[in-house]
Amino acid sequence: MDKAQQDALKKAAGIEAAKLIQNGMIAGLGTGSTVRFLVDELGRRVQEEGLQFTGVTTSRRTQKQAEGYGIKIVNIDDVDHIDITIDGADEVDKNFNGIKGGGAALLWEKIVAINSNKVVWIVDQSKVVDTIGKFPLPVEVIPFGSGQVVRKFEAKGYKPTLRLDADGNPVLTDENDYVVDLHLERIDHPQELAEDLIHTVGVVEHGLFLNMVDQVIVGDPAGPRVLTNPNK
Ligand SMILES: O=C(CO)[C@H](O)[C@H](O)COP(=O)(O)O
C-alpha cells in the first residue's frame with residue numbers, strides 16, 4: 001500500500017468517526033495524520049452544518065488546527081466529563097491492546113483517554129496486527145537523567161533510541177520531555193512490560209494503551225469497518 005492509498009483509508013476512517021460527534025458533546029480530539037482528517041471533517045460540519053461541540057485536545061498541534069475551524073477548545077480541567085475521544089493509533093491487536101505515541105503526544109493522549117466515557121481509534125488497515133511491537137514503542141522520559149534511563153533499557157534488551165528531529169536534536173513533547181523508542185519487534189507480555197516501564201524512575205508515561213479503547217474504526221478498501229471491544 002503506498003502513502004496515497006494509506007491516506008485515503010485514514011481519511012475514510014476520520015470522516016466515518018466524525019459522525020459520532022453530535023451537538024452539545026464534549027469531545028477529546030487526538031493527534032496525528034489520521035486525526036487531521038477527522039478535524040477537517042468536523043471543521044466542515046461546524047462551518048457548513050452549524051455543528052456545535054466543545055473539544056479537549058491532546059496536543060497543541062490539534063488545538064491549532066481545530067481552533068482554525070472555529071471549534072471551541074477548552075482545558076481538560078475545565079470540563080466535568082468527556083463524552084467521547086477519537087484518536088489515532090500506531091498498532092492495535094485483537095485484544096484491543098495498542099501502541100500510541102508515534103506523534104509524541106502519548107502522555108496527553110492517555111490523560112484524555114482515561115477521562116473519557118468512550119474511546120474510539122481511527123486507523124488504516126495496516127495498523128491492525130496479530131502482535132504489537134513491530135512499531136517502536138514510545139516512552140516519554142524526563143530529560144534529566146534520560147541517558148541513564150536509556151542505559152537501563154539497553155541492559156534489559158529493549159533496544160532504545162532517543163527520538164531526534166531532522167536537525168539531530170531530541171524531539172520534545174508538549175511537556176518538554178524526550179521520547180525514547182523501544183525497538184522490541186514483538187511484545188508478548190504487554191502488561192508486564194507496562195508495569196516495568198512505569199516503575200522506571202524518569203519515565204513519565206509509555207505508549208502501551210492496554211484495553212483502553214471501546215471501538216476501532218478501520219479504514220479498509222471495502223469501506224470503514226468497526227471493531228467493538230467486548231471487554232469494555
Ligand atoms: O499516537 C499518536 C500521536 O502521539 C498518533 O495517534 C499515532 O501515532 C497515529 O498517527 P497517524 O494517524 O499519523 O498514523
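In β4, Ile84 and Ile86 point one way while Thr85 and Asp87 point the other way, and all are buried. This strand belongs to a predicted model. The report starts from β4, moves to its partners and the sheet, and then turns to the helices, the ligand and the loops.

**The sheet**

β4 (residues 84–87) pairs with β1 in the parallel sense over three bridges. Two residue pairs place the strands against each other: Ala27 has Ile84 as its bridge partner in β4, and Leu29 has Ile86. β4 is also joined to β7 by three bridges, and these two strands run parallel. Here Asp87 stands opposite Trp121 in β7.

β1 covers residues 26–29. From this strand, Ile26 and Gly28 point one way and Ala27 and Leu29 the other way, and all are buried. Four bridges join β1 to β2 (residues 54–57), and the two strands run parallel. Gly28 of β1 stands opposite Val56 in β2. Between these strands the chain passes through α2, and the resulting β-α-β crossover is right-handed.

What is the order of the strands in the open sheet of seven? The order is β3-β2-β1-β4-β7-β13-β14, and the pairing is mixed. The edge strands are β3 (72–73) and β14 (225–228), each of which pairs on one side only.

**Two helices**

The table sets out the spans of α1 and α2.

| Helix | Residues | Number of residues | Span between end C-alpha atoms | Expected span at 1.5 Å a residue |
|---|---|---|---|---|
| α1 | 3–18 | 16 residues | 22 Å | 22 Å |
| α2 | 33–49 | 17 residues | 24 Å | 24 Å |

For α1, the distance from its first C-alpha to its last is close to the expected value. For α2, the distance between the end C-alpha atoms agrees with the expected span.

The buried residues of α1 include Leu9, Lys10, Lys11, Ala12, Ala13 and Gly14, and also Glu16, Ala17 and Ala18. Lysine and glutamate positions are thus listed as buried here alongside alanines. What covers the buried residues of α1 includes α2, β4, β7 (119–124) and β13 (215–219).

In α2, the buried residues are Thr34, Val35, Phe37, Leu38, Val39 and Leu42. An α-helix has 3.6 residues a turn, so residues three or four places apart point the same way. The cover over the buried residues of α2 includes α1, β1, α3 (60–68), β4 and β7. Just after α2, Gly50 takes a positive phi of about 75 degrees.

**The ligand**

How many residues surround the ligand? There are 17, and the closest are Gly32, Thr34, Gly88, Gly102 and Gly103. Thr34 is also one of the buried residues of α2. Both α2 (33–49) and α4 (106–114) supply at least two residues each to the shell around the ligand. By class, this shell has four nonpolar, nine polar and four charged residues.

**Two loop residues with positive phi**

Most residues other than glycine have a negative phi. Lys159 is not a glycine, yet its phi is positive, at about 50 degrees. Lys159 sits in the loop between α5 (146–155) and β9 (160–162). Is Lys159 buried or partly exposed? Lys159 counts as partly exposed because it has 14 C-beta neighbours inside 10 Å, whereas a buried residue would need 20 or more. Leaving aside neighbours within four places in sequence, Lys159 is in contact with Leu182, His183 and Leu184. The C-alpha atom of Lys159 is separated by 34 Å from that of Pro230, which lies 71 residues away along the chain.

Asn176 is another residue other than glycine with a positive phi, near 60 degrees. Its place is in the loop between β9 and β10 (178–182). Why does Asn176 count as exposed? Asn176 has 8 C-beta neighbours inside 10 Å, and a residue with 12 or fewer is classed as exposed.

Terms used. Residues numbered from 1 in each chain as written. Predicted model: local features only at pLDDT ≥ 70, side-chain atom pairs only at ≥ 80, totals over all residues. Near = placed C-beta within 6 Å. Nonpolar A, V, L, I, M, F, W, Y, C, P; charged D, E, K, R; others polar. Pairing = 2+ DSSP bridges. Right-handed = clockwise from strand over helix to strand, strands pointing away. Expected span 1.5 Å × (residues − 1). Contact = placed C-beta atoms within 7 Å.
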